[in-house]
Amino acid sequence: MEIAQLIAERQGENYQLHRRYITPGFVRVLEIIGYDKVYTKGEGAYLYDGAGNRYLDFLGGYGVYHLGRGHPALKRALHELIELDRPNLVQMDCPLLAGLLAERLVERTKASFPGLEAVFFTNSGAEAVEGALKFARGATGRERFIYLDHAFHGLTLGALSVNGSEHFRSGFGRLLPATAIAMNDLGALERELAKGDVAAFIAEPIQGKGVYLPDERFLPEAQRLCRAHGALFILDEVQTGLGRTGRFFCGEHWGLEPDIVTVSKALSGGYVPVGTVLTRREIHKRVFSGLERSVVHSNTFGMNELAMGAGLVTLEVIEREGLVERAARLGERFLAGLMELKGKYELVRDVRGKGLMVGIEFGPPRSLALRAAWAGLEKVQEGLFAQMVVMGLMRDHRLLTQVSGHRVNIIKFLPPLVIGEEEVDYALRALDQVLAEAHRFPGGLWKMGAELVKGALAR
Ligand SMILES: Cc1ncc(COP(=O)(O)O)c(C=O)c1O
């Protein structure tokens, strides 16, 4: 089969096939919000459709494209690896590239978090979280977890047990014993830890759903409390890691020293799924306690050559191209521009983030005409205003974004770290124009809002 020919022949059947065989509900959502595009090419921070239209991708494949799409160094390495006919997935051996990637990860992590010297490879972020939870149980002999409201750590059953949203949790029966606390509530954390049955407290340093940042004291204190009560501190850097927030690991912003760190997303280079659990040697030893238990936790594809190669090249490019510093610099420019918009538009309630993980939150307006328009949307479903802005950004500016969570008026931006000032300024101008339209009622954007309401009610 010629794959290029197959694509050429069937191009355009995308939504029809997904409606029939995959998730019809999601197809409908994409149609309603005007995201039912047929992209034919991706390059750097841009996507292209068949008509040659260019789209700026500030969604970044949910945060995997630190290097942008199709980075030449990655393409070259992956082609090379295939051509080399490497002995992939022998399983009863110790593959070199996995050893090299583990070495590189440990070396690089040392500068951020000391003491994390054992590596376990996974196929995804959720699987890394599953590993972290199991390691915490195995090492402490305790069962319960503590997690934060709004937390997102993946959607497999273990990860779901520490998910801070009822929307995702409900309908799937009993989950693992775990207790939610509010971000910044150190009292609640201490009370739960004092019960003595907590294996680990798990947190994202900046929450992906909603771009919520903790108070300065919260995570360092939480870490101290975990130590004091014999629980492990798991930092989920699946989304925030590898430079996204302007530091190699986001936890560096607070000088954290977690016991277990999960990494995934960007390590893949956007090509080959991969994840890792980084942990202390003594924790690892307690889980893999002896020869008989040396593969008590494992998987089939974790150390596959293409994933390992993608990981190695990704780390090298992040370093060589100074992408961590770039994220910090451009993030500052983006945030400063958003702050100006906040001053200009009453519907903008907050802008926040670090590096190139940035959120904008909307809230009810003061002026009478807008208040009625806002209420009309929001009474149908909370979060529809942000969705309307997402639609406007796509329709008028071909800018890809997303509402950051279920029924929230927050848009999140996760652009590739290879963007430049031009892309940041383009996104700011696009937002400025769409928000200007959203502050005019009745106006074009609100007409789109009416369409959205129709769609939402028809569901
Ligand atoms: C912080 C965090 N942890 C875990 C996951 C799950 O990763 P995956 O979707 O690869 O299973 C995500 C995904 O968005 C995430 O943001």
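What follows is a working chat about a predicted model, its two domains, its ligand shell and its helix packing.

Me: What are the domain bounds here?
Reply: Domain 1 covers 33-67 + 323-458, and domain 2 covers 73-320. The model is a predicted one.

Me: How many Å separate the centres of domain 1 and domain 2?
Reply: Taken over C-alpha atoms, the centres are 29 Å apart. The contact itself draws 26 residues from domain 1 and 27 residues from domain 2.

Me: Which elements supply the side of domain 1 that touches domain 2?
Reply: At least two residues each come from α4 (60-63), α14 (323-344), β11 (348-354), β12 (357-362) and β15 (410-413). The most comes from α14, which gives 5 residues.

Me: And how do the residues on that side divide by class?
Reply: On the side of domain 1 that touches domain 2 there are 13 nonpolar, 10 polar and 3 charged residues.

Me: Back to α14. How does it sit against α17?
Reply: The axes of α14 and helix α17 (residues 421-438) come within 10 Å and cross at roughly 15 degrees. An angle under 35 degrees counts as roughly parallel, so α14 and α17 are roughly parallel to each other. Their crossing is right-handed.

Me: Which residues of α14 and α17 meet?
Reply: From α14 there are Leu 330, Arg 333, Phe 334, Gly 337 and Leu 341. They meet Glu 421, Val 424, Leu 428, Leu 431, Asp 432 and Leu 435 in α17. By class, this contact has 7 nonpolar, 1 polar and 3 charged residues.

Me: What comes after α17, in the loop between α17 and α18?
Reply: Pro 442 is in that loop. The peptide bond joining Phe 441 and Pro 442 is cis, with omega about 0 degrees.

Me: At what angle does α18 pack with α16?
Reply: Helix α16 (residues 384-397) and helix α18 (residues 444-458) pack at about 120 degrees, and their axes are 9 Å apart. That angle makes α16 oblique to α18. The crossing of α16 and α18 is right-handed.

Me: Which residues make that contact?
Reply: Leu 384, Gln 387, Met 388, Met 391 and Gly 392 are on the α16 side. On the α18 side are Leu 445, Met 448, Gly 449, Leu 452, Val 453 and Ala 456. The contact of α16 with α18 has 8 nonpolar and 3 polar residues, and no charged ones.

Me: And α15 with α16, what is the geometry there?
Reply: The axes of helix α15 (residues 368-380) and α16 come within 8 Å and cross at roughly 105 degrees. That makes α15 roughly perpendicular to α16.

Me: Which side chains line up in that pair, residue by residue?
Reply: I can give the residues in contact: Trp 374, Leu 377, Glu 378 and Val 380 in α15 meet Leu 384, Phe 385 and Met 388 in α16. By class, the contact of α15 with α16 has 6 nonpolar residues, no polar ones and 1 charged. Leu 384 and Met 388 also belong to the α16 side of the contact with α18.

Me: Changing topic: which residues come nearest the ligand?
Reply: Gly 125, Ala 126, Gly 154, Val 238 and Gln 239 come nearest, out of 14 residues around the ligand.

Me: Which helix gives the most to the shell?
Reply: Helix α7 (residues 125-140) does, with 3 residues. The shell as a whole divides into 5 nonpolar, 7 polar and 2 charged residues.

Me: Last one, Leu 242. Where does it lie, and what is its phi?
Reply: Leu 242 lies in the loop between β8 (232-236) and β9 (260-263). Its phi is near 60 degrees, a positive value in a residue other than glycine.

Conventions
Residues are numbered from 1 along each chain as its sequence is written. This is a predicted model: local features need pLDDT of at least 70, side-chain atom pairs count only at pLDDT 80 or more; totals for chains, interfaces and linings use all residues. Domain bounds come from an automatic or database domain assignment. Two residues are in contact if their C-beta atoms, placed from the backbone, lie within 7 Å. Helices (H or I, at least four residues) and strands (E, at least two) are DSSP runs, numbered from the N terminus. Ala, Val, Leu, Ile, Met, Phe, Trp, Tyr, Cys and Pro count as nonpolar, Asp, Glu, Lys and Arg as charged, and the others, Gly among them, as polar. A residue is near a molecule or strand if its C-beta atom, placed from the backbone, lies within 6 Å of it. Axes are lines fitted to C-alpha atoms, for helices over the stretch in contact, and angles run from 0 to 180 degrees between N-to-C directions. Angles under 35 degrees count as roughly parallel, over 145 as roughly antiparallel, 65 to 115 as roughly perpendicular and the rest as oblique. A crossing is left-handed if the near helix is turned anticlockwise from the far one by less than a right angle, and right-handed if clockwise.
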